[in-house]
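I set aside some time to go through this one and keep notes as I went. Here is the structure I had open.

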Amino acid sequence: MEQNRAFCDIYYQPGDTPVICYRSGMMVYEEVFDSGVLVSGGYNAAGYPLNVLAGYPTRLNPGSYCEPSVFHVELDGVSLDYGLRFVDLDIQNESEKIEAVVTLESTVKPVRLKVHTLLDGTQMFTRWLEIENLSDAPMNLNRLALLSGGMEALRQDHVVHSCADEKRYSVGYFDNDGWGVEGHFNWHDLQPGLIAVESRFGRDRFRHPAVFVRNNVEGLVYFSQIGWSGGCRYSLDYNAVPDRDTSHLSLVAEITSHNPMRVIDAGECWCSPEVHMGVVSGDLDDAVNQMHAHIRRSVMNAPELNPVDLSVGAGMGAEHDMSVETSKSFIRQFADMGAEIFIIDAGWECPPEFPINWGDYNGVNEPDPDRYPNGLAELSDYCHEHGMKFAMWIEIERLGEYAPALAEHPEWIAKDAFGKKNGGYIDFTNPEAAAWAESELARMIEEYRLDLLRIDYNVSFRDYFAFGEPVKGKRECLSLRHTDAVYRMYRNLKRRFPHVVFENCAGGGGRTDLGMMKNFNHTWVSDCQRAPRSLYITNGMTMVLPPERVDRLFAGMGCHEHASFDMHMRNTMLTHMSLNVIAPTTAMVNPQQMAFVRHSVEIYKNFIRGILPTALSYHHTPETSEAIRNGFLAQEIASPDKQKGAIVAYALPCVAPAARTLHPKGVDAAKTYRVTFDNSGATVTVSGDELMTNGIRIAIPAALSSELVLYEAIEA
């Protein structure tokens, strides 16, 4: 089935219990306004409206769920899920997209709610809320679930009797929330009861907020992401009891923080973060590719983010001396490798005698005069002379102890729950502080003639939840207000500088969510480059983000400490490629290394890069624990027309040399392909049918080494 078929429709059924049926691709999701509550009617992944048999609709019974409402909003301790009045449904068609706005008014408090749903032809939709305070007094927002309610009911007569309650569903997510293990994905049996997957609030900040739910009985996969850089939580309630006729599954996708999480002022209308939800009848690859299509079409779709910039990056930071001469030497080395943009990383503000204390100099925002006596223009010009663009790293949201602004404006620094200042973490709810940060970034982009801006964000996850001073007797957690201001700054700058590439980084992968990514061209997903962890990170993070938006690094940051040279390079080749040096300035570059890098970069530029912006992604070994257990990991990308594709395969630690058979997923049985094995350079001609039936035999010589396989359709 064609992934890009852009069918979407909103089928409204008026009456005493109005029904809104959202249809996008083959996904169907329905909501019913029943007795003052907007409830979930359930999902269908085969394209059928839930009243396809008009006399026997198959919608969920809201009485079977503890909280059937499709959102949870609590203001001043009062739930607004109930006692609502249906005001209006507005449907807006826009090219291949369609947006519905359901307007509701509370009969309990003077509040108007608008429920927004965007469909784009993929099997994933976007949902957000507007909350308008119609009173003359501020209100405390104490609970905010962006999407909730029943997902499905599973009748016993549809269940194979040998399928125990705990085997009917699996839930997949990134197991770890810590640094260096981003993207470690695993499936888990969904046990009857409640499960919560937390991001940031009460947990570290390196778990990307995404969840997959697989119905093992009926072959459905639900998938969701919360587009928010603060605290958020997925909760699943699997209500199943042995011998009960029907089990029930419900979901809550909510924003979390200290309360009140937001004070909504009198007359204020506030827009919530977004959640993205989808369902397919198929496997994890089908879900991932629908998610990628949705992100490309409806999240990372601003004109400033397209066409996708896939320039091969290369950089150096405080791990080197960063002198002008060293920088020029590395620029020449990177140019020889085939790099297209040079990035000065953390450390450019530091004096030479303190090369790694870059955090203390955040906010200085001027190149150190002893390190760069002629300013940065000298390096910028040198890059351009060698055919490379110029870029810089900046961390603007935190002030180091030597930043002039820290001494001049102590009131800009946020405070924690105990009233203590959070180091140099800037409170962006202070308009003066936010304006300074935006103007400084704009100045540096213009003054230093940047082609790319790399933004970092090195804070504790606790810093996300600062507190403001009481206003009108109310003291709120600033997470929502602060993050909205940060998004606004980057959105303003991206629109002002549409030709500058914005690269996101947050201590690696600490802020990769779709809310942040709406304003960035691509993102660093981890600072951990040591194999084999680096492989697991790439594998997992290219599930939740399209591969062309994921930065991975060859060499540098410990990459060289373990594994073979080819493995280091190939971990970048199905993503946005970044390079580091392979020899210090005082050593001769190994020509064997350089030849392999040039060869690989040429393959990337001439074969792989053209596929990436629309590539279908296939994760042959999606589970980290299973890959480790089997000692093998493989990924594949393919063009949507199945003309060409690439596979990278790795042998993991403690694996003896052995041949593996892998069945390509991006081929067409009716085509004939030229298949190239990069390790040997051997090329064979094979029918698509044979590739699908018998697979490709991949021989990897040793643990922590790899193979790259390219295939391209040819005339038979």
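These are my notebook entries, grouped by what I looked up.

**Entry 1: the model and its cores**

First a reminder to myself that this is a predicted model. I started with the nonpolar interior. The largest nonpolar core has 180 residues, and I noted Leu 144, Phe 212 and Trp 348 as the ones with the most contacts inside it. Another core, of 22 residues, lies apart from it; Leu 662, Val 675, Ile 700 and Tyr 711 are among its members. I wrote the usual expectation next to this: in soluble globular proteins, nonpolar side chains tend to be buried together.

**Entry 2: a nonpolar patch outside**

Then I looked for nonpolar residues on the surface. Tyr 48, Val 52, Leu 53 and Tyr 56 form a patch there, with about 500 Å² of accessible area together. I checked Leu 53 by itself: it sits in the loop between β4 (37-44) and β5 (72-75). Its relative accessible area is 55%, so Leu 53 counts as exposed, the cut-off being over 50%.

**Entry 3: helix α8**

Does the length of α8 agree or disagree with its residue count? Helix α8 covers residues 533-544, and at 1.5 Å a residue its 12 residues should span 16 Å. I found the end C-alpha atoms 17 Å apart, which agrees. Next I looked at cover: 11 of the 12 residues in α8 are buried. The buried ones include Leu 535, Tyr 536, Ile 537, Met 541 and Val 544, and also Ser 534, Thr 538 and Asn 539.

**Entry 4: strands that pair**

I took β22 next. Gly 313 and Gly 315 point one way from this strand, Ala 314 and Met 316 point the other way, and all are buried. Strands β22 and β23 run parallel and are joined by 4 bridges, with Gly 313 opposite Ile 341 in β23.

Just past that I stopped at Gly 347, in the loop between β23 (341-344) and α3 (377-385). Gly 347 has a relative accessible area of 2%, so I put it down as buried.

My other pair was β36 (residues 672-677) and β37 (residues 683-687), which are antiparallel over 5 bridges. Arg 674 stands opposite Thr 685 in β37. The hairpin has 5 residues between the strands, and Gly 681 takes a positive phi near 80° there.

**Entry 5: backbone exceptions**

I kept one rule in mind here: most residues other than glycine have a negative phi, and most peptide bonds are trans. Which residues, then, showed a positive phi without being glycine? I noted Cys 654, with phi near 65°, and Leu 704, with phi near 55°. Cys 654 is in the loop between β34 (644-651) and β35 (658-662), and at 83% relative accessibility it counts as exposed. Leu 704 is in the loop between β38 (696-700) and β39 (705-714), and at 15% it counts as buried.

Where did I find cis peptide bonds? One joins Asn 259 and Pro 260, with omega about -10°. Pro 260 lies in the loop between β18 (246-256) and β19 (262-264). Another runs from Asn 306 to Pro 307, with omega near 0°. Pro 307 is in the loop between α1 (284-299) and β22 (313-316).

**Entry 6: salt bridges**

How many salt bridges does the structure hold? I have 33 on the page, and I followed a few of them.

Glu 67 and Arg 143 meet at 2.9 Å, N to O. Glu 67 is in the loop between β4 and β5 and Arg 143 is in strand β11 (residues 139-155), so this pair ties together parts that are 76 residues apart in sequence. Glu 67 is partly exposed at 30% relative accessible area, and Arg 143 is partly exposed at 23%.

Glu 198 and Arg 233 meet at 2.5 Å, N to O. They belong to strands β14 and β17, so the bridge ties together parts 35 residues apart in sequence. Glu 198 counts as buried at 11%.

Glu 503 and Arg 454 meet at 2.4 Å, N to O. This pair links β28 and β27, with the two positions 49 residues apart in the chain numbering. Are its two partners buried or exposed? Glu 503 is buried at 1%, and Arg 454 is buried at 6%.

My last note is on a network of salt bridges that links Arg 85, Glu 105, Arg 112 and Glu 132.

How values were computed: Residues numbered from 1 in each chain as written. Predicted model: local features only at pLDDT ≥ 70, side-chain atom pairs only at ≥ 80, totals over all residues. Heavy atoms only, no water. Expected span 1.5 Å × (residues − 1). Buried < 20%, exposed > 50% of the residue type's maximum accessible area, 1.4 Å probe, protein only. Patch = residues over 30% accessible without salt bridge, like charges linked within 9 Å, V, L, I, M, F, W, Y side chains within 5 Å. Areas by Shrake-Rupley, 256 points an atom, 1.4 Å probe, with all protein chains shown as cover. Salt bridge = Lys/Arg side-chain N within 4 Å of Asp/Glu carboxyl O. Core = buried A, V, L, I, M, F, W, Y, C linked by side-chain atoms within 4.5 Å. Pairing = 2+ DSSP bridges.
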